[in-house]
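Q: Hey, I'm new to this one. Can we go through the empty spaces inside it?
A: Sure, pull it up and ask away.

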Amino acid sequence: MASNKKSRTRYAAFHRYLSMFLFTLLGIVLLLFLLQTNSVPHIVSRYLTEVDQNGELSSNKANLPKQSELSIFLGKKNQLPPRNLDLFPELAKDHIVVVLYVHNRPQYLRVVIESLSHVVGIGETLLIVSHDGYFDEMNKIVEGIRFCQVKQIFALYSPHVFNVSFPGLSPSDCKYKEEKHCKGNHDQYGNPRSPKIVSLKHHWWWMMNTVWDGLKETHHHSGHILFIEEDHFIFPNAYRNLQKLVSLKPEKCPDCCAVNLAPCDVRSRGEGWENLIVERIGNVGYAFNRTVWRRIHRKAKEFCLFDDYNWDITMWATVFPSFGRPCYTLRGPITSAIHFGKCGLHQGQGANNPCIDKGALNIDIKEVDKTGNINSEWDVHVFEHQSGYQPGFRGWGGWGDSRDHKLCLGFANMYRFRHRNSS
């Protein structure tokens with residue numbers, strides 16, 4: 001009798017343990033099912049969404065326009081890894097990232113990419129191509145690059161991405177100088193907003209914020225980044241000269257903000273002296289580091305509110321002067337990059353200057369342009385009080401619409417949560 005009672009007790013205990021085990025197992029299986037189908041509880045989903053927004057792009061909090069379908073599509077393309085990882089699996093330890101800023105001039109893009117393909121050392125680094133909108137031919141040209149790692153990014157708020165609404169041209173926007181009862185502010189000279197014009201400055205500022213703070217490939221890059229454009233011809237020795245200038249800057253010009261591959265005078269190919277040159281920053285082949293970018297970023301208000309659609313003139317006339325001391329650059333005495341454009345249609349281009357005309361390019365590459373030609377023993381010659389845009393210049397206009405000011409300031413705040421998380 002006692003034996004039967006003990007058996008029933010053991011059986012009941014076993015049954016309870018078995019029930020608890022099966023219940024626990026069922027809970028685990030259900031949890032795995034929910035995770036696989038993304039049917040997580042609302043509070044978890046909300047948390048993950050906030051983490052993603054804070055880590056990537058917080059468009060609502062940055063007061064950016066609602067993205068179009070094309071903008072969302074391009075945002076996904078921006079997250080793709082670089083191409084050619086199979087050909088160039090590793091970057092050099094102290095590589096200098098190269099960023100190519102392009103619009104929609106395929107004939108120019110082919111020239112600059114062909115020149116880059118001959119640059120000594122280009123396979124050691126990452127090339128980022130920043131597009132002002134999406135243009136199929138431009139995209140295909142870049143997809144054909146095989147000489148280095150290459151990543152494409154597309155300006156998500158380019159006027160070229162918004163066909164019938166801001167930042168593009170909306171039906172109610174002002175279109176004429178004397179027009180009233182329309183949307184938008186005229187500039188200081190009475191001109192209405194032109195989306196194609198303002199896109200130049202918007203793209204540059206969006207690109208800078210994205211390259212320095214929005215890409216996982218460069219977010220922790222502390223060295224210099226080189227910026228070039230689709231109408232810049234890059235000589236074979238450019239990357240080696242760039243590396244040399246960056247290494248010499250702390251010794252030769254510790255107060256310099258940047259290094260340049262070319263003189264600030266786009267018509268000059270250099271002095272040919274046996275000296276390093278210190279002068280104001282030029283807009284052809286300029287490179288600076290994250291410390292300088294932080295100084296620029298802190299001047300977002302000055303950049304975004306200055307009534308000039310040119311990013312470079314805005315920098316020269318208001319941002320750099322606001323640093324409190326001259327912002328010089330270090331370069332060599334012979335250029336390693338030159339600006340080209342359609343013959344006779346761009347400032348500084350003439351009969352003896354490089355240009356593209358009917359697909360032909362008249363750039364003469366000499367032997368001195370093929371290998372590094374900077375000597376670390378050279379002294380420094382400083383050009384002071386150079387002519388150019390000075391503090392007090394009011395700007396050429398084209399940037400008077402308060403919507404553009406707001407969008408520009410929004411770009412400065414796109415990744416601000418990432419700043420906080422990484423500081």
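Q: What volume does the second largest cavity have?
A: About 60 Å³. Keep in mind that this is a predicted model.

Q: Which residues line the second largest cavity?
A: The lining is made of V98, L116, V119, I122, L226, I228, I234, A238, Y239 and L242. Two elements, β4 (225-229) and α7 (238-252), each give two or more residues to that lining.

Q: Which element gives the most there?
A: That's α7, with 3 residues in the lining of the second largest cavity.

Q: How does the lining of the second largest cavity divide into nonpolar, polar and charged?
A: It has 10 nonpolar residues, with no polar and no charged ones.

Q: Switching topic: how many cavities of 30 Å³ or more are there?
A: The count comes to 6.

Q: And what's the volume of the largest cavity?
A: The largest cavity comes out at about 120 Å³. It is lined by 15 residues, and I281, G282, Y286, W311 and F320 are the closest to its centre.

Q: Which elements give two or more residues to the lining of the largest cavity?
A: Those are β8 (286-288), α8 (290-297) and α10 (311-319).

Q: Which of them gives the most?
A: α10 does, putting 4 residues into the lining of the largest cavity.

Q: What about classes, how many nonpolar, polar and charged residues does the largest cavity's lining have?
A: There are 12 nonpolar residues in that lining, plus 2 polar and 1 charged. The second largest cavity, for its part, has no polar and no charged residues in its lining.

Technical notes:
Residues are numbered from 1 along each chain as its sequence is written. This is a predicted model: local features need pLDDT of at least 70, side-chain atom pairs count only at pLDDT 80 or more; totals for chains, interfaces and linings use all residues. Side-chain values use heavy atoms; hydrogens and water are left out. On a 1 Å grid over the protein atoms alone, a cavity is a set of points where a 1.4 Å probe fits but cannot get out, and a pocket is an open set with protein on both sides within 12 Å along at least five of seven lines; lining residues have an atom within 4 Å of a point. Grid points are joined across faces, edges and corners, and a volume is the space filled by probe spheres set on the points. Ala, Val, Leu, Ile, Met, Phe, Trp, Tyr, Cys and Pro count as nonpolar, Asp, Glu, Lys and Arg as charged, and the others, Gly among them, as polar.
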